[in-house]
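The walk below starts at the ligand and then moves outward through the chain. Keep the structure open while reading.

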Amino acid sequence: MIKVKKRKVLLLPGDGIGPEVTTEVKKVINWFNDKKSLDFEIDEDLVGGSSFDKHGTPLTDEVFYKALESAVIMLGAVGGPKWDGVEFSKKPERALLKLRKELKLFANLRPAICFEQLVNASTLKPEIVSGLDILIVRELTGGVYFGEPRGIKPIENGERKGVNTHTYTSSEIIRVARIAFDLARKRSNRVISCEKSNVMEAGQLWKEEVQSLHDKEYKDVELSHMLADNCAMQLVRNPKQFDVILTDNLFGDMLSDEASMLTGSLGLLPSASLGAKNKDGEMRAMYEPIHGSAPDIAGKGVANPIASILSFAMALRYSLDLDKEAEALEKAVQEALNDGLRTKDIMSDKMKEVSTSQMGDAIISKLQ
Ligand code: IPM
Ligand code: MG
């Protein structure tokens with residue numbers, strides 16, 4: 001196994017607005033290197049459609065090996081309509097899925113926090129979202145995203161059949177449930193586990209394994225189970241009932257997009273994808289904004305870099321054990337918002353609209 005280099009940060013800006021928001025992250029990392037004498041070793045390379053355009057593949061072996069030896073991967077975004085016609089195995093998204101799977105990044109943390117300054121930016125009523133602080137823990141390397149058999153095959157009557165398989169083993173469920181329980185203990189100590197145990201056997205297994213781990217090791221944490229469709233409804237009805245939501249790969253994908261809108265903008269939410277720690281306490285991890293590549297606004301300098309910058313704050317906390325620095329960075333974001341600075345996606349009355357790089361600079365100036 002290739003060794004993880006403790007301070008190595010690999011930037012993979014990707015496609016669409018990915019490069020713009022990642023440029024702001026790079027400025028932040030350089031600031032920490034210059035001003036706080038931290039020794040992050042930055043490297044940068046292509047991923048997704050931009051890699052496909054140059055190399056004919058969304059992830060070259062070279063970049064994959066760089067990823068293997070990096071402690072932190074900062075990903076921008078991948079994909080866009082430009083690559084719609086590309087063969088399935090070469091689609092930009094395959095790079096992301098391969099990185100998640102091969103680096104064994106099984107736990108995806110997606111916090112949805114509604115900043116007080118942005119309570120009015122949500123499409124929901126302020127009293128519903130004010131003070132919201134949810135953490136979605138999404139399983140990331142199993143389920144229908146990776147299950148076999150899969151594919152599109154011709155069948156007898158001249159039709160074709162599309163197949164994907166939703167599978168989970170006990171150990172896949174238990175290792176991600178453990179992460180959710182551990183994180184809940186540092187928060188409000190409540191986990192709601194979501195599946196479709198009413199229609200899927202894999203959902204029934206999910207529910208049983210989560211409950212049995214709870215009963216053996218996490219009795220102090222309050223656990224309840226919810227069907228995933230009900231969870232989708234409850235998220236807009238009364239989102240503040242949630243603390244930690246634990247769920248599988250596909251439901252987590254959908255529920256986290258939904259949760260993001262409670263906070264005002266998809267442009268605000270960071271995420272962390274974590275692997276297991278090895279004997280030396282080292283862990284592989286990838287951090288990315290949960291927004292996509294937003295090709296419609298790419299290259300215009302209007303993208304919100306906050307989700308990316310907050311993703312780096314998560315990297316400081318989870319991969320680099322730099323909690324104080326993470327807090328300082330999160331505080332700097334708050335202060336830039338307190339000054340009334342807004343990118344287009346969160347712009348409102350009497351606020352000052354700023355570009356991607358102006359927002360990045362403002363956050364850095366607050367770090368001083
Ligand atoms: C996400 C994205 C990805 C996913 C895509 C880009 C493959 O929607 O990270 O939520 O479906 O997991
Ligand atoms: Mg998604």
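This is a predicted model. Begin at ligand 1, where the surrounding residues are E93, L96, R100, R110, R138, Y145 and D253. Sorted by class, this shell holds 5 charged residues and 2 nonpolar ones, with no polar residue.

Three side chains in the shell can be followed to oxygen atoms of the ligand. For Y145, an N or O atom of the side chain is 2.5 Å from an oxygen atom of ligand 1. For R100, the corresponding distance from a side-chain N or O atom to a ligand oxygen is 2.7 Å. D253 places a polar side-chain atom 2.8 Å from an oxygen of ligand 1. Taken alone, ligand 1 has 320 Å² of accessible area, and the protein covers 76% of that area.

Which helix gives the most to the shell around ligand 1? Helix α4, spanning residues 92–102, does so with 3 residues.

The next step is the division of the chain into domains. The assignment gives domain 1, made up of residues 1–106 + 275–368, and domain 2, made up of residues 114–265. Between the C-alpha centres of the two domains the distance is 23 Å. Their contact involves 17 residues of domain 1 and 18 residues of domain 2. The ligand shell draws on both parts: at least three of its residues come from domain 1 and at least three from domain 2.

Helix α4 also leads to another helix, α3, which runs over residues 61–68. Within α3, the residues V63, F64, K66, A67 and L68 are buried. The elements covering these buried residues include α4, along with the strands β1 (5–14), β2 (41–44) and β3 (70–77).

A last stop is L124, a residue in the loop that joins β4 (107–113) to α5 (126–129). Is L124 buried or exposed? It counts as buried because its relative accessible area is 18%, and the cut-off for buried is under 20%. Setting aside neighbours within four places in sequence, the contacts of L124 are with V129, V236 and L262. As for V21, this residue is 103 residues from L124 in sequence, and the two C-alpha atoms are 27 Å apart in space.

To retrace the route, return to ligand 1 and its shell, which takes residues from domain 1 and domain 2, then follow α4 from that shell to the buried residues of α3 that it helps to cover.

Conventions: Residues numbered from 1 in each chain as written. Chains lettered and ligands numbered in written order. Predicted model: local features only at pLDDT ≥ 70, side-chain atom pairs only at ≥ 80, totals over all residues. Heavy atoms only, no water. Near = heavy atom within 4 Å. Polar contact = N/O pair within 3.5 Å; in protein donor to acceptor, adjacent residues only side chain to side chain. Areas by Shrake-Rupley, 256 points an atom, 1.4 Å probe, with all protein chains shown as cover. Helix = DSSP H or I, 4+ residues; strand = E, 2+ residues; numbered from the N terminus. Nonpolar A, V, L, I, M, F, W, Y, C, P; charged D, E, K, R; others polar. Domains from an automatic or database assignment. Buried < 20%, exposed > 50% of the residue type's maximum accessible area, 1.4 Å probe, protein only. Contact = heavy atoms within 4.5 Å.
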